[in-house]
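Could you walk me through this model in my viewer, one selection at a time? I would like to know what to pick next and what I will find there.

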Amino acid sequence: MKTCSDCIMKMTRLLLVVLCVCTLGACRSTKNVDNGFKAIKKRQIEQLTALAVWPEKQSNLSSKVTVSLDLGSQNVSLKGRMYMHKDKEVMLSFSAFGLMELGYVEFTPEVIRVVDRANKRYVEVDYSIIPADLGVNFAMIQALFWDKLFLFGAGDICDRLSEFEISKSSSQCLLVPSVPNRLQTRFYTDEKLTRLEQTEFSYGYYEAIWHYDLFDTIEGYSFPTSYDMSLSGGPLSVGMRLTLNNPTFAAASGKKTVDLSKYQQVDLLELVESLR
């Protein structure tokens, strides 16, 4: 007979896999550009810089988090922590009743790592297994969590902000990269281009939406304290809300190091199969 703890552990492993999986042309000519167009592009770069550049003091973030996941008819809510260190890692740790760590998902520049502490197993996914023309890399994942603009396959995009096409409505601005990619991307900001409010992806029938909400002032900087993520188009729609509680830009504290030499490494399909 399944216990409450068994259900929590199984749903936690399911959440870790979903997090791991979910996060998984021609250029236009610039010749004969007149001075007026150059001036417009210069002003655009100035406007978009704040949406792409990290302030110096914003190189770390640590926060308690509450995670709610809807997967078909299943729903689970967990407590945990989020740790981010610019250009080094993004980590989400999950616990039962806010006490025992059940597992975590870690994104680094080299790998995506899913660790199931309850069953002493882990998965490592190298970015090289993702088709190169999709342009999925750590810089993209990091930008999603930090609420920043990005271009697929690129790192620092400060010198490429002129590549975004901007259209405005009465309440929002839409930013679309001018260079096409197999994963089509759209960014929505407020009407004054001061903050990024939503990032959307589409690939064939699939669509993923990453919505930022509940902006708060943290050490003088506006930052979202709620992420609403959804994935649709497949056999099962997935929805997840990540709520930050008392976030700070101070360096991470209380983070545990796991000796993976004592864990069994499995592939992602094997871990998914074990959840049935």
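Start by selecting Tyr83 and Met91: Met91, in E3, is the bridge partner of Tyr83. Keep in mind throughout that this is a predicted model.

Now widen the selection to the two strands. Strand E2 covers residues 74-85, and its pairing with E3 is antiparallel, over seven bridges. Three residues lie between E2 and E3 in the hairpin that they form. Pick Asp87 in that turn and check its backbone: phi is positive, about 70 degrees.

**The other neighbour of E3**

Next, select Leu92 and look across to E4, where Val105 is its bridge partner. Strand E4 spans residues 100-107 and runs antiparallel to E3, with seven bridges joining the two.

**How enclosed is E3?**

Color residues 89-96 by accessibility. Eight of the eight residues of E3 are buried, so this strand is largely enclosed by the rest of the structure. In a regular strand, side chains alternate between the two faces of the sheet. To see this here, show Glu89, Met91, Ser93 and Ser95 on one side of E3, then Val90, Leu92, Phe94 and Ala96 on the other; both sets are buried, and both faces are covered.

**A charged network**

Side chains of opposite charge can pair when their charged atoms come close. Select Glu106 and Arg113, which form a salt bridge with the closest N and O atoms 2.8 Å apart. Both ends are buried: Glu106 has a relative accessible area of 12%, and Arg113 has 16%.

Keep Arg113 and add Glu124, because these two side chains also meet in a salt bridge, at 2.8 Å from N to O, with Glu124 partly exposed at a relative accessible area of 32%. This pair links distant parts of the chain, eleven residues apart: Arg113 sits in strand E5 (residues 111-116) and Glu124 in strand E6 (residues 121-126).

Move on to Arg160 and Glu163, whose side chains meet in a salt bridge at 2.9 Å, N to O. Arg160 is partly exposed, with a relative accessible area of 30%. Going back to the earlier trio, shared partners join Glu106, Arg113 and Glu124 into one network of salt bridges. The structure holds ten salt bridges in total.

**Last stop: the cysteines**

How many disulfides does a search of the whole structure find? The count is zero. Select Cys158 and Cys173 to finish: Cys158 is partly exposed, with a relative accessible area of 32%, whereas Cys173 is buried at 1%.

Methods. Residues numbered from 1 in each chain as written. Predicted model: local features only at pLDDT ≥ 70, side-chain atom pairs only at ≥ 80, totals over all residues. Heavy atoms only, no water. Salt bridge = Lys/Arg side-chain N within 4 Å of Asp/Glu carboxyl O. Buried < 20%, exposed > 50% of the residue type's maximum accessible area, 1.4 Å probe, protein only. Helix = DSSP H or I, 4+ residues; strand = E, 2+ residues; numbered from the N terminus. Disulfide = S-S within 2.5 Å. Pairing = 2+ DSSP bridges.
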